[in-house]
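Q: Got a minute to go through this chain with me? I'd like the overall picture, then a few odd spots.

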Amino acid sequence: MIERPEKKVLTVSALTQSIKFLVEANFPFVWVEGEISNLREISSGTTYFTLKDETAQISVVLFKINRRYLRFQPEDGMYVVCQGRVSVYEARGEYQLIIDHMEPRGVGALQQAFLQLKERLEKEGLFAAERKKKLPLLPDRIAVISSITGAALYDFLRTACARFANVSILVYPARMQGEGAAKEMAEAILGLNRLKGIDVIVLARGGGSFEDLWAFNEEILARAISASKIPVVSAVGHEIDFTIADFVADVRAATPTAAAELVVPRKDDLSYKIDMLQLRLTRAAGREHALFKERLAHFITRLARVRSRIQDGRLKVDTFYLEMRHNLLSQIQGLRRLLDSYSLRLGERHPREQVRTARFKVDVLKRELEVKTGQHLAQQGASFRELATRLEGANPMAILGRGYSITELWPDGKILRDTKDVAIDSPVRVRLSKGKLFCRVEKVTE
């Protein structure tokens, strides 16, 4: 009978730890090349990405402490060579490459960093021609940032003094290469900007390898040059060497000697130019003086003409003024008369005047009516009295009063005027002035 080996059961953690031990023990230091993919950086500064080739891929971790030593900015699609160790992330059971160093494949890290920074600063406009400051014609004081022991400084000083012995030069010593050199030069530019009387700053350094000149390709120095209120001249390396500082600087000199020739004018040349300028100024002043005299004479002539025209114009203005004044006064007087007439007519037509006139007319008519009424009444009274007199005369009662009487048949009332109208014993009524008699006819005579 065959005995089976004892069954050994592992936990996932135990198995993962065993695998991690084996992996880290066998791959403590490896170089791996591939293409960067899915690059991302979290808030802690740690960078994660995938390194892949045609058939495989591996997760990569780049911690912040190692990231800061990179000379270039990793990007998706970039082919790189990484150095690090292989480890296992137990929580997910994934193996990953934890790198300490990385550089672009094919192109050196410094060259890649140089190209990336150059492209970024150019997009920001730090190389734009419109932001370049002009150099003063004759600076009172020049500041040179350079190594105190370097040949570049002496080349600059020798050339500058030979061209203009009285020029004032301030030497600001700083390291020109190595770790921290860019920061020293940036601080030097910042410090010189705080001083008064500095007209131009020169960064002077001799030639060297790409690595030796790397300080002039660092961003901190480029930013300091860009922020400088004083014009900065870069005089770094030899004629064929270009650095980021050369692109950002206001003026780039091929060598420190060329920088001195750019910044410091030759004294003899200046004296000659001054003499020529003085001569041109004297000639120009003579021409201007003659031209001024000619213009002045012409101006005086024109001024006299203008003055005569002004006097004529004043006379015309005075005449016109008097005519206008006379016409206006005449018009005003006419208008006043017209206004008085209208005022008088308006006063006559005023309702108050019209009422007063109407009252006057009423009074006159009233008096006429009273007179005529009196006359009419007098005439009527006279007529009435005459008629009354005549009526009184015709009144039978008045006749009766004088003793006459009226005899009537009674009761017929027929007045008797003839004896033939009455018969014997006929009743008659005799009307007297006062009273009536009722009688009978007893006798009739002719």
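Q: Let's start with Asp-425. Buried, exposed or partly exposed?
A: Asp-425 is partly exposed, because its relative accessibility is 44% and the partly exposed class runs between 20% and 50%. Keep in mind that this is a predicted model.

Q: Where is Asp-425 in the fold?
A: Asp-425 sits in the loop between β11 and β12.

Q: And what about its phi?
A: Phi of Asp-425 is near 75°. That is a positive value, and the residue is not a glycine. Most residues other than glycine have a negative phi.

Q: Which other residue, not a glycine, has a positive phi?
A: Asn-38 is one, with a phi of about 55°. Asn-38 lies in a strand, β1, which covers residues 30–41. Asn-38 is partly exposed, with a relative accessible area of 46%.

Q: Back to that loop. Which peptide bond is cis?
A: The bond joining Trp-410 and Pro-411 is cis, with omega about 25°. Pro-411 is in the loop between β11 (406–409) and β12 (427–431). Asp-425 is in the loop between β11 and β12 too.

Q: OK, zoom out. How many helices and strands are there?
A: The chain has 11 helices and 13 strands.

Q: What is the radius of gyration, against a compact globule?
A: The chain has 73 Å, whereas a compact globule of 446 residues would be near 22 Å. The C-alpha trace spans about 220 × 125 × 35 Å along its principal axes.

Q: What share of the residues is buried?
A: Buried residues are 28% of the 446. The chain exposes about 31400 Å². Carbon and sulfur atoms supply 56% of that area.

Q: How much of the contact list is between residues distant in sequence?
A: Take the contacts with a separation of 6 or more. Of these, 60% join residues 24 or more positions apart.

Q: Charges?
A: There are 69 positive and 56 negative side chains. The centres of the two sets lie 13 Å apart.

Q: Now a helix. How does the span of α5 compare with what is expected?
A: It agrees. Helix α5 has 14 residues, 181–194, so at 1.5 Å a residue the helix should span 20 Å. Its end C-alpha atoms are 20 Å apart.

Q: Which residues of α5 are buried?
A: Ala-181, Ala-182, Met-185, Ala-186, Ala-188, Ile-189, Gly-191 and Leu-192.

Q: Why might buried positions recur every three or four places in a helix?
A: An α-helix has 3.6 residues a turn, so residues three or four places apart point the same way.

Q: What do the buried residues of α5 pack against?
A: They pack against three strands and a helix: β6 (141–146), β7 (168–173), β8 (200–205) and α6 (219–227).

Q: Switching to distances. How far is Leu-137 from Leu-391?
A: They are 154 Å apart, C-alpha to C-alpha, and 254 residues apart in sequence. Leu-137 is in the loop between α3 (109–124) and β6. Leu-137 is exposed, at 66% relative accessible area.

Q: And Leu-437 to Gly-313?
A: That pair is 132 Å apart in space, C-alpha to C-alpha, and 124 residues apart in sequence.

Q: What does Leu-437 touch, beyond residues up to four places away?
A: Leu-437 touches Val-428, Arg-429, Val-430 and Leu-432. Leu-437 belongs to strand β13, residues 436–440. Leu-437 is partly exposed, with a relative accessible area of 39%.

How values were computed:
Residues numbered from 1 in each chain as written. Predicted model: local features only at pLDDT ≥ 70, side-chain atom pairs only at ≥ 80, totals over all residues. Heavy atoms only, no water. Helix = DSSP H or I, 4+ residues; strand = E, 2+ residues; numbered from the N terminus. Rg over C-alpha atoms; globule rule 2.2 N^0.38 Å. Buried < 20%, exposed > 50% of the residue type's maximum accessible area, 1.4 Å probe, protein only. Contact = heavy atoms within 4.5 Å. Areas by Shrake-Rupley, 256 points an atom, 1.4 Å probe, with all protein chains shown as cover. Lys, Arg positive; Asp, Glu negative; His and termini not counted. Charge placed at Lys NZ, Arg CZ, Asp CG, Glu CD. Expected span 1.5 Å × (residues − 1).
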